[in-house]
Amino acid sequence: MSDPGHNPIDTKIATADDPGALDQAVELLGQGQLVAIPTETVYGLASNALSPEAVARVFKAKGRPANNPLIVHVESAEMARRCVAAWPSAADRLAEVFWPGPLSIVLPKADSVPDIVTAGGETVAVRCPAHPVMLEVLNRCGFPLAAPSANLSNQVSPTRAGHVAEQLADRIPMILDGGPCDVGIESTVVDLTGEIATVLRPGMVSPEQIRDVLGEVRTASGSRSSGTLKSPGQLPLHYSPKARVILAGEDWKKSLGQAGPKAYVISTEPPPADCDLENWHQLPASPDGYARSLYDTLNQCDQTGAELILIQSLPTGAGWDAIRDRLTRAASGS
Ligand code: TXA
Ligand code: MG
């Protein structure tokens, strides 16, 4: 957590329903300060999206590269329209069906959105989150909030206030604790600036669900050779725990034998009777349940000094793609 170029500041952690906590959060945001706030996906590190100075603090606190744009959070489609230069009917239909919820929509940016938010680009990602605390803060602020996940750059996203504190205490003035996040992995990012809607980052809103609304959709993975980096978050080295991560294949139980004492297992199955590994995390066998627990488990692994995380290969089938994407990224850092 300590790095030579930054002065430690006191971090207040407040329960979101503490009297006065929201007032204080809104006041800090109004002053251009940062507040970590729960959303339904992961905790976000929020700043006034219309203030370049406030947004600069986000990049500094996270150690985030300046070429990676931020998502702008809004409390309504109406607020979203003020952040974009064009609001096509496709955006209207997606917002109608999926907002508030885990879908970020990329559109041409309005002049009112500072360049630092979009990393100098001509487009902006907007999202209306489905969390009462974040919605209430947005409502009281009256301005949109630029908020990346509230983790240090390239580390695991936080799904509890404690995860945020572990990574960002001493760097930000306030964390609002709204309990564990319900969705558990980051929003789907869909780009509406091209001819066909393109999913840049998979999430729990699936391409099929988007196709049902728009009639047509593409996924970006096939087009990555095009040279331009449409979504820097799609660089392979994102979302990495500190431990080495191995995605085990079909015969994954064979690898258990080689696992040392600092090895953890993440599986949808209970440990076999003859297994003496202490750190066995059994996750739900449904995509929703697995996504909800995944980052909590990975953050726990980080906090308790895991050296190796062995992850049982996931079931194939609809619903697992976004989780597979995150696990593949976690493993590619190893
Ligand atoms: O669920 C979420 O999306 C969470 C919560 C806090 O809302 N936020 C989040 O933010 O995951 P972040 O900064 O960790 O990831 C944002 C992703 C990155 O992959 C970024 O490159 C992409 O969205 N992105 C942001 N603006 C973009 C734009 N204009 N064009 C393409 N990709 C964009
Ligand atoms: Mg992130």
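In this predicted model, ligand 1 is surrounded by 27 residues, and the closest of them are T41, N68, H73, S187 and R201. Three side chains that place a polar atom beside an oxygen atom of ligand 1 are set out here, each with its distance.

| Side chain | Partner | Distance |
|---|---|---|
| R64, polar side-chain atom | oxygen atom of ligand 1 | 2.9 Å |
| N68, N or O atom | oxygen atom of ligand 1 | 2.7 Å |
| S187, N or O atom | oxygen atom of ligand 1 | 2.6 Å |

Of the residues in the table, N68 and S187 are also listed among the closest to the ligand.

A second point of interest is A46, which has its place in strand β3, a strand that covers residues 44–48. A46 has a relative accessible area of 0%, and because buried means under 20%, this residue counts as buried. Apart from neighbours within four places in sequence, the residues in contact with A46 are L29, Q33, L34, V35 and I37, together with L145, A146 and A147. A46 and M134 stand 88 residues apart in sequence, while the distance between them in space, from C-alpha to C-alpha, is 9.5 Å.

The structure also encloses empty space, for it holds one cavity of 30 Å³ or more. The largest cavity has a volume of about 60 Å³, and the residues that line it are Q155, H163, E166, Q167, K242, N299, D302 and Q303. Two or more residues of this lining are given by each of the helices α6 (161–168) and α9 (287–303). Sorted by class, the lining has five polar and three charged residues, with no nonpolar residue.

Terms used. Residues are numbered from 1 along each chain as its sequence is written. Chains are lettered from A and ligands numbered from 1 in the order in which they are written. This is a predicted model: local features need pLDDT of at least 70, side-chain atom pairs count only at pLDDT 80 or more; totals for chains, interfaces and linings use all residues. Side-chain values use heavy atoms; hydrogens and water are left out. Helices (H or I, at least four residues) and strands (E, at least two) are DSSP runs, numbered from the N terminus. Buried means under 20% relative accessible area, exposed over 50%, partly exposed in between (1.4 Å probe, protein chains only). Contact means heavy atoms within 4.5 Å. On a 1 Å grid over the protein atoms alone, a cavity is a set of points where a 1.4 Å probe fits but cannot get out, and a pocket is an open set with protein on both sides within 12 Å along at least five of seven lines; lining residues have an atom within 4 Å of a point. Grid points are joined across faces, edges and corners, and a volume is the space filled by probe spheres set on the points. Ala, Val, Leu, Ile, Met, Phe, Trp, Tyr, Cys and Pro count as nonpolar, Asp, Glu, Lys and Arg as charged, and the others, Gly among them, as polar. A residue is near a molecule or strand if one of its heavy atoms lies within 4 Å of it. A polar contact is a pair of N or O atoms within 3.5 Å; within protein, one must be able to donate a hydrogen and the other to accept it, and residues adjacent in sequence count only if both atoms are side-chain atoms.
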